Amino acid sequence: MARNLKALGLWRTALVASVRQDGPDLSARQMAIMLQVYLTDPPHTVRGLAGMLNISKPAVTRALDRLSLLGFAKRKRDTEDKRNVLVQRTVKGSVFLSDFAELVIQAGAVAPEDMAVVKAEEELAAAAKARLEAELRVKAPADA
């Protein structure tokens, strides 16, 4: 549970820092699409993004409308198959995600005094786990 809270705390810290900046706020869906487009190999289509994220094509289209308006992604008709719409990266979108990545890195930076607390908690957890495992080993032969 402590690990989950730490992860959520890091995410919150990065999001709060992002919101405090002058840039745009992206919804979770918009950010998921951005990350999918920028962190996986192209080509990306509306149909493919909808399938990968398990959301409807209209939901992807609405998110892409906003991302396109911001200049973070652009759409282009596939020259080989006119039914497909390709989603492409932009320099502005790359800069946005690079800046956001820096916020995540900063949120994850641990001060030395905090690291000492983390190590102490990990040692306590390891000792408790070892005691529990020892108790289970002792009880197991007796029960058999």
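Which strands does H4 lie across, and at about what angle does H4 run to S2? In this predicted model, H4 lies across S2 and S3, and its direction makes an angle of about 115° with that of S2.

## The sheet

The three strands form an open sheet in the order S1-S3-S2, and their pairing is antiparallel. S1 and S2 are the edge strands, since each of them pairs on one side only. As a general principle, strands of a sheet pair through backbone hydrogen bonds, in either a parallel or an antiparallel manner.

Strand S1 covers residues 44-45 and strand S3 covers residues 85-89; two bridges join them. One residue of S1 can be followed across this pairing: His44 has Val87 in S3 as its bridge partner. On the other side, strand S2, residues 73-77, is joined to S3 by five bridges. Here Lys76 stands opposite Leu86 in S3.

## The nonpolar core

The largest nonpolar core contains 23 residues, and those that touch the most other members are Leu26, Ile33, Met34, Leu64 and Leu67. Four helices each give two or more residues to this core: H2 (28-39), H3 (46-53), H4 (57-70) and H5 (91-108). In general, nonpolar side chains in soluble globular proteins tend to be buried together.

Leu26 illustrates how residues from separate parts of the chain meet. Leaving aside residues up to four places away in sequence, Leu26 is in contact with Met31, Met34, Leu67, Leu70, Phe72 and Phe96.

## The surroundings of Val46

Val46 belongs to helix H3. Is this residue, Val46, buried or exposed? Its relative accessible area is 11%, and because the cut-off for a buried residue is under 20%, Val46 counts as buried.

The contacts of Val46 reach other parts of the chain. When residues up to four places away in sequence are not counted, Val46 touches Lys57, Val60, Thr61, Leu64, Val85 and Val87. Val46 and Val85 are 39 residues apart along the chain, yet their C-alpha atoms are separated by 6.3 Å. Two residues in this account also appear elsewhere: Leu64 is among the core residues that touch the most other members, and Val87 is the bridge partner of His44.

How values were computed. Residues numbered from 1 in each chain as written. Predicted model: local features only at pLDDT ≥ 70, side-chain atom pairs only at ≥ 80, totals over all residues. Heavy atoms only, no water. Core = buried A, V, L, I, M, F, W, Y, C linked by side-chain atoms within 4.5 Å. Buried < 20%, exposed > 50% of the residue type's maximum accessible area, 1.4 Å probe, protein only. Contact = heavy atoms within 4.5 Å. Pairing = 2+ DSSP bridges. Axes fitted to C-alpha atoms, helices over the stretch in contact; angles between N-to-C directions.
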